Amino acid sequence: MQRPTLLAVATAFIAVAVLTTAAPADAAPSQPSAPAHVTVTGQDDSATVTWSAGPPVRRAHVTGYTVSVTPTARHRHHSTQTVGPRTFSARFGHLAEATTYTFTVRAKSGRALSAPVSVRYTRPAAHVESLYAINEAGALVRRPVAGGTWQTITGSGSGYAVDGAGTAYVASADGHTITAYPESGGSKVVATGVSVAGRALLADDAGDLFFTQSWSIIELPHGSATTRTVGPGDVVAVSPNGWLAAQTKSAAVLVYDPSGVWQSIPGGVYNYLVALGVDTSGNVYIRNRSTGGSGYFSVDVAPTGSSSLTSLLEPDGVVALSRTDVLSALRTTTWCAAPSRASGSCTPDTRVSSLWQRTASGSVTTVPISGLDIGSDAEAAADSAGDVFVSPTDGPNTGLVRVPASGGAVEQLDTATYDELSVH
């Protein structure tokens, strides 16, 4: 029986951020409204904060914005910036590794300031990009994507997530405890008394954790022992910088930006949601299965701010969304509708014929692939170079295989089968 395909998430050299506070619903008449859609993206030792203007307020013409960082950066002139009313970004440099920063943005109207909107960003410590997975013994393991031996992180637990610094977070078997395993070693319990079901634990790059409980999205902010409810949702996806996508009870998909503002994609625009993904710009990817007996699959995108879907491809293979916002699909040779397959009038050919990849800008490449048969089921994840790791559970290629982004023959890495693949 085929399991739902996960839109897996891999790692990148670009690290990104999270929400902390949202502006109050109404501001005083003389006070400008708070900035909207505040996000922060990091690269190397710098971080860039971006935002958009809030709704206009009578008698509160915006004359500029102030952006501050706490703790202060290594040079005082990098700690606070003031920009004009038509500037919607600010860059801060000299950020220290493995340090969490809070960036606060306010709108100005003369001497009056809006309510603050804050986002957090943790500059990751330098670490080797690694493949994470659950092995056949049920242990969480990792190995460098460039090659090497497997390292066991922990031998117990159900559900894991990894942040931008390579810290793995593992839910206990009963889902009531979450333990952090830093890349440097050791472990620390970060939450007790929670309720994490199965594989539902997620993390953004700053180490904020997300899971669902009774059709609600629960967040455990990094460094906090207190959870908060973000809003309704189930079958959740999170981007490295804190965009959330989640299906609700009514089948609609809600998309939350990193400052908590949400929009809805109506359930009627797709048939049956199999998996979700969301990138660092807020584009939402839905793996969609048709209703009825055909078992037809497609992968669709709802661009940021849109409530409608555009079909991207119709694969019968596996799909992975990398942390560099590249969508990858391993496409099989022949697809058969469920009734034809059941009657024996059509036999699917599950050999992978091509690797299809789409960048965040919409550029698409397709390269031929040889030497891989994914059988009836497989897990996949993509690294920052675009290589795809896949672990078929049956067929001639059981084990762990690397599919090169350049195409050609695949590389068999391991004969053992792995589950819940991700790259960080």
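**Figure 1. Four strands form an open sheet in the order β27-β28-β29-β30, with antiparallel pairing.** The view is taken from a predicted model. The edges of the sheet are occupied by β27 (272–278) and β30 (310–313). Each of these two strands has a single partner strand, so one side of each is left without a neighbour in the sheet. From one strand to the next, the twist averages 30°. Within the sheet, strand β28 (residues 284–289) and strand β29 (residues 297–302) are joined in the antiparallel sense by six bridges. One residue pair may serve to locate this pairing in the view: N288 has S298 in β29 as its bridge partner.

**Figure 2. Strand β16 (residues 168–171) carries buried residues that point both ways from the strand.** A168 and V170 point one way, whereas Y169 and A171 point the other way; all are buried. Strand β15 (residues 160–162) pairs with β16 in the antiparallel sense over three bridges, and V162 stands opposite A168 in β16. Five residues separate β15 from β16 in the hairpin that they form. In that turn, G166 has a positive phi of about 85°.

**Figure 3. Strand β16 also forms a hairpin with β17.** Strand β17 (residues 177–181) runs antiparallel to β16, and four bridges join the two. The bridge partner of V170 in β17 is T179. Between β16 and β17 lie five residues, and G175 in the turn has a positive phi of about 75°. V170 itself is buried and points the same way from β16 as A168.

**Figure 4. A salt bridge joins the side chains of R120 and D208.** The N to O distance is 2.3 Å. R120 lies in strand β11 (residues 117–123) and D208 in the loop between β19 (202–203) and β20 (209–213), so the pair ties together parts that are 88 residues apart in sequence. Both residues are buried; R120 counts as buried because its relative accessibility is 11%. The side chains of R120 and D208 also make a polar contact, again at 2.3 Å. A further residue to consider in this view is A206, which is 86 residues from R120 in sequence and 7.1 Å from R120 in space, C-alpha to C-alpha.

**Figure 5. R123, in strand β11, is a buried arginine whose side chain reaches a backbone oxygen.** The relative accessible area of R123 is 15%, and R123 therefore falls under the 20% limit for a buried residue. The backbone oxygen in question belongs to L95, and the side chain of R123 reaches this atom at 2.6 Å. Leaving aside residues up to four places away in sequence, R123 touches D44, D45, L95, A96, E97, A98 and T99.

**Figure 6. The side chains of R351 and D349 meet in a salt bridge.** The N to O distance is 2.6 Å. The two partners fall into separate accessibility classes: R351 counts as partly exposed, at 47% relative accessibility, whereas D349 counts as buried, at 18%.

**Figure 7. D387, R402 and E411 are linked in a network of salt bridges.** Within this network, the closest N and O atoms of R402 and E411 are 3.3 Å apart. R402 counts as buried, with a relative accessibility of 13%. Its partner E411 counts as partly exposed, at 42% relative accessibility.

**Figure 8. The whole chain, shown as context for the close-up views, has one helix and 40 strands.** Of its 424 residues, 51% count as buried. Among contacts between residues at least 6 apart in sequence, 49% join residues at least 24 apart. The chain exposes about 17,600 Å², and carbon and sulfur atoms supply 52% of this area. Six salt bridges are found in a search of the whole structure, including those between R120 and D208, between R351 and D349, and between R402 and E411.

Note on methods: Residues are numbered from 1 along each chain as its sequence is written. This is a predicted model: local features need pLDDT of at least 70, side-chain atom pairs count only at pLDDT 80 or more; totals for chains, interfaces and linings use all residues. Side-chain values use heavy atoms; hydrogens and water are left out. Buried means under 20% relative accessible area, exposed over 50%, partly exposed in between (1.4 Å probe, protein chains only). Contact means heavy atoms within 4.5 Å. Accessible areas come from the Shrake-Rupley method with a 1.4 Å probe; for residues, only the protein chains shown count as cover. A salt bridge is a side-chain nitrogen of Lys or Arg within 4 Å of a carboxyl oxygen of Asp or Glu. Two strands pair if DSSP finds at least two bridges between them. Axes are lines fitted to C-alpha atoms, for helices over the stretch in contact, and angles run from 0 to 180 degrees between N-to-C directions. A polar contact is a pair of N or O atoms within 3.5 Å; within protein, one must be able to donate a hydrogen and the other to accept it, and residues adjacent in sequence count only if both atoms are side-chain atoms.
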